[in-house]
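This report looks at the nonpolar core, one helix, one loop residue and the ligand site of a single protein chain.

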Amino acid sequence: MTLNLSPSEIGKFVSAYRALDFIESDMKLGLGTGSTAAWLVKLLAHEVNENGLQITACATSSETTKLAERLGIKISKLDELGQLDLAIDGADEFDRNLNLIKGGGAALLQEKIVETAADKLIIITDASKQVEDLGSFDLPVEVVKFGWKTTKRLIENILEDEDVDCRVVNRRGNSSPIITDEGHYILDLKLIRIGNPHSLSNALLNIAGVVETGLFLGMTNSIIMGDSTGKASVKSGINSDWVHSLNNIQELSEFIKKINIL
Ligand code: 5RP
């Protein structure tokens, strides 16, 4: 069976597939944003529509809301659900301490609000997101529109003190930054290595015009990492070992085909 998907995309599917094992009936879920989270939404829609899974859910972006609703998952407002049982989302990078860079889909603010309101956060990724130190992926920072160029300058100033080699850019080289669901701008920080993520996060959040950063520190309970052979590896906590399980890739391929046409 030939699948028209890259190894990384299959890995993303495998991680989302394994995440289903953590979802129980009647849970209140937070659904992440991005291509890995989209696999989860498709799998969840299959469970809801074909296997009668009962869940309530809120989303971390307009993009995820649209996809979920199109597939028949009712999306509630976070405030209607209150405290969530579980949030599941992708990430742009994760390190050995389960700290993350997120926001590649510009949804970091809603993601952080939803994910800090969940009892548990599970991150689903392919193997390419694992790094020794955070920082190769551009760090997204959400800033208010008012005075954004001043905020950008202040960010550049504090980065000098943070001893990181970087510059601040507008995403995709646009002349103005991209606009988030909340009507703010995203600035991307081109860093090479973040030596002290907590210090950088605090320094950035101290700037009045900064709304949030893509550093998700100390929030993740478990990482599920998938690969193109069907292997899913789960790490639950900083000091835990990876626990591996192997899916039959032929069977999975059939299922991916079915799910992908949703
Ligand atoms: C969106 C995010 C995504 O979770 C992150 O960008 C990973 O995306 P993908 O699953 O497409 O690789 O933080 O704001």
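## The nonpolar core

In this predicted model, I23 touches L29, L40, L44, L53, I55, L86 and I88, when residues up to four places away in sequence are not counted. I23 also belongs to the largest nonpolar core, a set of 38 residues, and is listed with L29, L40, L44 and I55 among those with the most contacts inside this core. Helix α2 contributes 6 residues, which is the largest share of the core.

## Helix α3 and its two sides

Helix α3 spans residues 62–70, and within it T64, L67 and A68 are buried. Viewed down the helix axis, the buried residues of α3 fall within an arc of 95 degrees, and they therefore line one face of the helix. On the other side of α3, by contrast, K66 and R70 are exposed.

The buried residues of α3 pack against three elements, namely β1 (27–31), α2 (35–51) and β2 (55–59). Helix α2, against which they pack, is also the element that supplies the largest share of the nonpolar core. Just after α3, the backbone at G72 takes a positive phi of about 95 degrees.

## N221 in its loop

N221 is found in the loop that runs between β12 (215–216) and β13 (222–226). Is N221 buried, exposed or partly exposed? Its relative accessibility is 32%, and because buried means under 20% and exposed means over 50%, N221 counts as partly exposed.

Leaving aside neighbours within four places in sequence, N221 is in contact with L98, D119, K120, L121, K235, S236 and G237. For one of these residues, L121, a polar contact is found, in which the side chain of N221 reaches the backbone nitrogen of L121 at 2.8 Å. T60, in turn, is 161 residues from N221 in sequence, while the C-alpha atoms of T60 and N221 are 18 Å apart in space.

## The ligand site

There are 17 residues around the ligand, and of these S35, T36, D92, G103 and K129 come nearest. In the case of D92, a polar side-chain atom lies 2.6 Å from an oxygen atom of the ligand.

Two further polar contacts involve G104 and E111: a polar backbone atom of G104 is 3.4 Å from an oxygen atom of the ligand, and an N or O atom in the side chain of E111 is 3.1 Å from an oxygen atom of the ligand. On its own the ligand has 370 Å² of accessible area, of which the protein covers 91%.

Terms used:
Residues numbered from 1 in each chain as written. Predicted model: local features only at pLDDT ≥ 70, side-chain atom pairs only at ≥ 80, totals over all residues. Heavy atoms only, no water. Buried < 20%, exposed > 50% of the residue type's maximum accessible area, 1.4 Å probe, protein only. Helix = DSSP H or I, 4+ residues; strand = E, 2+ residues; numbered from the N terminus. Arc of directions from axis to C-beta. Contact = heavy atoms within 4.5 Å. Polar contact = N/O pair within 3.5 Å; in protein donor to acceptor, adjacent residues only side chain to side chain. Core = buried A, V, L, I, M, F, W, Y, C linked by side-chain atoms within 4.5 Å. Near = heavy atom within 4 Å. Areas by Shrake-Rupley, 256 points an atom, 1.4 Å probe, with all protein chains shown as cover.
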